[in-house]
Amino acid sequence: MDPARPLGPAQIDVFAQLGVSTVLLGGIYALIAVGLTLIFGIMRVVNFAHGEFLMLGMYLAFWAFTLLSLDPWFVLFVSIPLFFGIGVVTYLLVMKGVIHASHNVQIFTTVGLSTALQNLALVLWSGDFHTVRPWHAATPIRLAGTAFNLSQVVAFLIAIGLTVLLVLFMRWTHTGRVMRATAQDRDAAILMGIDTDRVYRLTFAIGIAAVGAAGVLVSPLYAVYPTAGLQFVLLSYVVVVLGGLGNMMGALIGSLIVAAVEVAGSYYFGTAWKEIFYFVLFIAVLVFRPAGLFGQRGAENLGV
Amino acid sequence: MRRRISLTIAVAVVVLACTAWLTAATWGQALSGEYKIGVLEPLTGPLAGEGKRHLEGFEVVRDLINERGGVMGKRLSFVVADVPDPTAAASEANRLITRENVKIITGTFSSRLCGAASEAAARHNVIYWETSCVDPRFNKRGLKNVYRTEIDATGFGWYNIDFIVKHLAPRFNLKPNELKIAFISEDSSYGQGVTESAVARAKEVGLQVVGPVEYYNFQTINDMTPIIVKLKQLNPDVVHHIAYTNDAPLFWRQAREQNFLFKALVHAGATGYGGSDFGKAMGNDGNGVFALLEPGPGFKLESLKPDGQKIEKDFRDAIQKRTGSYPLGAHQLAGGGLWLLKVVLDRAQSDDPEKFRSAVMGLDLPVGTMINGWGVKFSETGQNSNERVQHYMLQWQNGQLVTVWPEEFTTNRAKWIPLGPWDQRK
């Protein structure tokens, strides 16, 4: 408890555990934030309904587990194409109409979508809390004085994998280059013959597929209920701003920073303080480095 | 001979049918018109699950009331409003009063909602009848027409420490001053109210309170490990945890992962560990957790007064018929409170605030006369008394919350005291 206390084996175990908790919690935040930062960075749209797609992913895992006894790790493979499709449909029905509108209109639209999805879940599946308990969620792993569970480790590894894949995709593929070009200058991109509408549709679908997969992966760790997304989505904004809009690696590192602030703050000062700490950090970043820790200077104004 | 028997049966059936028809007809005549009251419930948002069950409890008791003469000679009916947050609670209370002309409002399940709702009702001089919230400030605002049938959070803290000192300490072979207790709680007025009163009471009776109270926001907590690591170092015998929703399964799962061993965990109220979702989430892994609540399975009907036995039985049967299970906490709070409203209206025969108030203050019924084995004695502030609103300690045993204390009210006994290793609680 007392930081001034001599460093005995018990204290080292505490540090090790806090470190492990930080990394694993950061992995979960990154998983959720990657899709958000992609949509944010390329479409310049703040998707307030992001948390609700997470919630839908959690429900998918819950129903697959309850009705068909399917492990969430298996459902993951189904969820990616499924949520890609949901992303395309949502883009065509909702986002396409407001993509050229003002930011206010976009915010109202996505907030409306968020509330509509929450209430849809409430009507369809009631407000009860559900849990998914596959074998790996109930399997504690003990390693050198620390403890965690297998579901968390896998979620973390997939978060890393997903981030790296997206970074490679953006950097090395033709489609990735087209997406970056659209983000940098929409008008110039149109003049170069890029179909920006198609780029936005693809971006939105990839972002939603990522967050749907995140929902499936976190379902064994957190309760599933209609407003489950709210618990994470506010945090994802902190992460995205911290890492720099549209910067996937930044989102990963931002997630780890937020998780570290949360875990260390909870341990040394009390859990009640954690939100104060990371929102102070959030404001400080906005004031001193508006483009985020890893974003390009001026990127925050692009296309706005 | 055989024909005679069938004839007798046929006559009996006809007579019974006529009686039933006549009775129904008599009731139909007695209940002329409708009497509407306002009901505020969180039916959407984070409290929707419990809010819906609470409303279910109201509806079941409304039907029992209407089968028993209604209120003031009329059929009792509801105007229901959805109040997911305090702003909605205030504005919907205003709407029910000004548009629907209700003279009595009841609700709201949550301590987050009851303050705002009752404030709005009081401004219009309308009777506010709260059945569930436990915020201690509720009855300390000098509002004359605001009543609460459930005890407040200070009562919860009082009962919890009483249970720890009288029941747990002897079974751990510890004197109260040798018993170490740690407190964690969600930070709404509900958690804070229960926890502050429990801490004060624990210090009064000489328990060793270890560490400061660990408060957190139940809507944003994603990781309990830092708290658990801290608690492990404090090594408490009893963890007093007031949880709201998903924070209960999160703490329990992570405590298991971290192999955090303590002798007992005690909670209070129909949320968190006291809600049915905890059992569904944890199954047998939830074994051993205590939650202070209304009576659950094992509760002895014979321990109640004759009137209490009858209404309690009818209530349980009606809930069983509607939901297929034993009444849950939210059902019982709503049911107990609404039945008590009928008792008051039978006496007052009026919704005039003055006449209603004197009827409330005139009631003096011992423990065991109402639904949940409650009694009635209101204080001048409109609060039913701790001693009359009997509460019970329940324990999760193999996926079910059963009554275990006080032992004179129940056939079940508390198990796993002290709690063994995590994988040996079957």
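**Exercise 1. Two neighbouring helices of chain A**

Task: in this predicted model, work out how H5(A) and H6(A) are oriented to each other: roughly parallel or roughly perpendicular?

Solution. Start with the geometry: helix H5 (residues 150-172) of chain A packs against helix H6 (residues 174-184) of chain A with the axes 5 Å apart and an angle of about 80 degrees. Next, recall the cut-off: angles from 65 to 115 degrees count as roughly perpendicular. H5(A) and H6(A) are therefore roughly perpendicular to each other.

Now look at who meets whom. From H5(A) come Phe169(A), Met170(A), Arg171(A) and Trp172(A), and they meet Gly176(A), Met179(A) and Arg180(A) of H6(A). Sorted by class, this contact has four nonpolar, one polar and two charged residues.

**Exercise 2. Checking a helix by its length**

Task: find what span helix H8 of chain A should have, and decide whether the helix is largely enclosed or largely open.

Solution. Helix H8 (residues 196-218) of chain A has 23 residues, and at 1.5 Å a residue these should span 33 Å. The C-alpha atoms at its ends are 33 Å apart, so expectation and model agree. For the surroundings, use the burial cut-off of 20 or more other C-beta atoms within 10 Å. Of the 23 residues of H8(A), 20 are buried, so the helix is largely enclosed by the rest of the structure.

**Exercise 3. Where the chains meet**

Task: describe the side of chain A that touches chain B: which elements build it, and what classes of residue does it hold?

Solution. First count the participants: chain A brings 30 residues to the contact and chain B brings 32 residues. Then assign the chain A side to elements. Those giving two or more residues are helix H1 (9-43), helix H4 (103-125), strand E2 (146-149), helix H9 (230-243) and helix H10 (248-268) of chain A. The largest share, five residues, comes from H1(A). Finally, sort by class: this side of chain A has 15 nonpolar, 12 polar and three charged residues.

**Exercise 4. The two domains of chain B**

Task: locate the domains of chain B and characterise the side of domain 1 that touches domain 2.

Solution. The domain assignment gives domain 1 (30-152 + 301-373) and domain 2 (154-300 + 391-409) of chain B. Taken over C-alpha atoms, the centres of these domains of chain B are 28 Å apart. Their contact takes 21 residues from domain 1 and 25 residues from domain 2 of chain B.

On the domain 1 side, helix H2 (48-67), helix H4 (111-123) and helix H11 (329-348) of chain B each supply at least two residues. H11(B) gives the most, with four residues. By class, this side has nine nonpolar, seven polar and five charged residues.

**Exercise 5. Backbone exceptions in chain B**

Task: which peptide bonds here are cis, and how exposed are the asparagines with positive phi?

Solution. As background, most residues other than glycine have a negative phi, and most peptide bonds are trans.

- Trp405(B) and Pro406(B) are joined by a cis peptide bond with omega about -5 degrees; Pro406(B) sits in the segment after strand E13 (400-405) of chain B.
- From Ile417(B) to Pro418(B) the peptide bond is cis, with omega near -10 degrees; Pro418(B) is in the segment after E13 of chain B.
- Asn125(B), not a glycine, has a positive phi of about 60 degrees. Its place is the loop between H4 and strand E4 (127-130) of chain B. With 11 other C-beta atoms within 10 Å, Asn125(B) is exposed.
- Asn259(B), not a glycine, has a positive phi of about 50 degrees. It lies in the loop between helix H8 (247-257) and strand E10 (264-268) of chain B. With 14 other C-beta atoms within 10 Å, Asn259(B) is partly exposed.

Terms used:
Residues are numbered from 1 along each chain as its sequence is written. Chains are lettered from A and ligands numbered from 1 in the order in which they are written. This is a predicted model: local features need pLDDT of at least 70, side-chain atom pairs count only at pLDDT 80 or more; totals for chains, interfaces and linings use all residues. The expected span of a helix is 1.5 Å times one less than its number of residues. A residue is buried if 20 or more other C-beta atoms lie within 10 Å of its own, exposed if 12 or fewer, and partly exposed in between; C-beta atoms are placed from the backbone. Ala, Val, Leu, Ile, Met, Phe, Trp, Tyr, Cys and Pro count as nonpolar, Asp, Glu, Lys and Arg as charged, and the others, Gly among them, as polar. Domain bounds come from an automatic or database domain assignment. Two residues are in contact if their C-beta atoms, placed from the backbone, lie within 7 Å. Axes are lines fitted to C-alpha atoms, for helices over the stretch in contact, and angles run from 0 to 180 degrees between N-to-C directions. Angles under 35 degrees count as roughly parallel, over 145 as roughly antiparallel, 65 to 115 as roughly perpendicular and the rest as oblique.
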